[in-house]
Amino acid sequence: MRVKICGITNLQDALQAINVGADALGFVFYRESPRYIAPSDAKKIIDKLPPFIGRVGLFVNEGVDTIDTISKYCDLTLCQIHFDVDEEALDMIRSKTIPVVRAREAEDILQYSDRYRLVDVYCEEYGGSGKRLNLDWFEGVDCSKIILAGGLTPENVEEVKKYNFYGVDVSSGVEKIKGRKDYTKVSKFIKNAKSL
């Protein structure tokens, strides 16, 4: 199972996550978030990363041109779209995108079922709420294109393995304070997510 560590704000957290097996890092370009990072600061981190690591930008209520400009400037591999858009709007973005489903009920997880998508629990704010989804919703669902987010921790990530998600995404569950990662939690989370 692939692991993305989201809410990266500094090089040390980024490199430590990679050293213990993170497949991708997330950078939050949403000013209201306590994990916000300016594109220029994200670029400084990204420029120092080793190859083959996913670099994901999180966007909330931004226009196509802004998303594409930041994506190109920061050399992102993927843009995570955290607001309601349709398939046509996603296709207008030149950069590679992944839609986020903010699920309120079981039927919501079937949105964008032909695409890889990130499924998170619905909450008023965007990202890093620490709230969990009802795992029963995923019973009998093809989860091979779903990245699960929301309320994951080193202690509970093993519970989701049986659903065969493409990956998991964690932010608040591996922090010591908002915007700073706890190295021990990151290490344990990745180990528990990837162990057979």
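**Salt bridges and pockets in the predicted model**

The side chains of Glu159 and Arg132 meet in a salt bridge, with N and O 3.2 Å apart. Glu159 belongs to the loop between strand 7 (146-149) and strand 8, while Arg132 sits in the loop between strand 6 (117-121) and strand 7, so this pair ties together parts that are 27 residues apart in sequence. Glu159 is partly exposed, at 43% relative accessibility, and Arg132 is also partly exposed, with a relative accessible area of 37%. These values, like those that follow, come from a predicted model.

The same two loops are linked by a further pair: Glu139 lies in the loop between strand 6 and strand 7, and Lys162 in the loop between strand 7 and strand 8. Here the closest N and O atoms of the salt bridge are 3.9 Å apart. Because of where its partners lie, the Glu139 and Lys162 pair ties together parts that are 23 residues apart in sequence. Glu139 counts as partly exposed at 46% relative accessibility, whereas Lys162, with a relative accessible area of 59%, is exposed. Elsewhere, Arg35, Glu175 and Lys181 are joined into one network by salt bridges that share partners.

In total, the model holds 14 salt bridges. Among them is the pair of Lys4 and Asp169, whose closest N and O atoms are 2.5 Å apart. Lys4 is part of strand 1 and Asp169 part of strand 8, so the salt bridge ties together parts that are 165 residues apart in sequence. Both of these residues are buried.

Strands 1 and 8 also feature in the largest pocket. Strand 1 (2-5), strand 3 (54-59), strand 4 (78-81), strand 5 (97-103) and strand 8 (167-170) each supply at least two residues of its lining. The volume of this pocket is about 530 Å³. Its lining comprises 21 residues, and Val56, Leu78, Ile98, Ile147 and Tyr166 are the ones that lie nearest the centre. Sorted by class, the lining of the largest pocket has 10 nonpolar, five polar and six charged residues.

The second largest pocket has a volume of about 160 Å³. Asp84, Val85, Val100, Val101, Arg102, Arg104, Asp108, Gln111, Tyr112 and Tyr122 line this second largest pocket. By class, that lining divides into five nonpolar residues, one polar residue and four charged residues.

Terms used. Residues numbered from 1 in each chain as written. Predicted model: local features only at pLDDT ≥ 70, side-chain atom pairs only at ≥ 80, totals over all residues. Heavy atoms only, no water. 1 Å grid on protein atoms, 1.4 Å probe; cavity = no way out; pocket = protein on both sides within 12 Å on 5 of 7 lines; lining within 4 Å. Points joined across faces, edges and corners; volume = space filled by probe spheres on them. Helix = DSSP H or I, 4+ residues; strand = E, 2+ residues; numbered from the N terminus. Nonpolar A, V, L, I, M, F, W, Y, C, P; charged D, E, K, R; others polar. Salt bridge = Lys/Arg side-chain N within 4 Å of Asp/Glu carboxyl O. Buried < 20%, exposed > 50% of the residue type's maximum accessible area, 1.4 Å probe, protein only.
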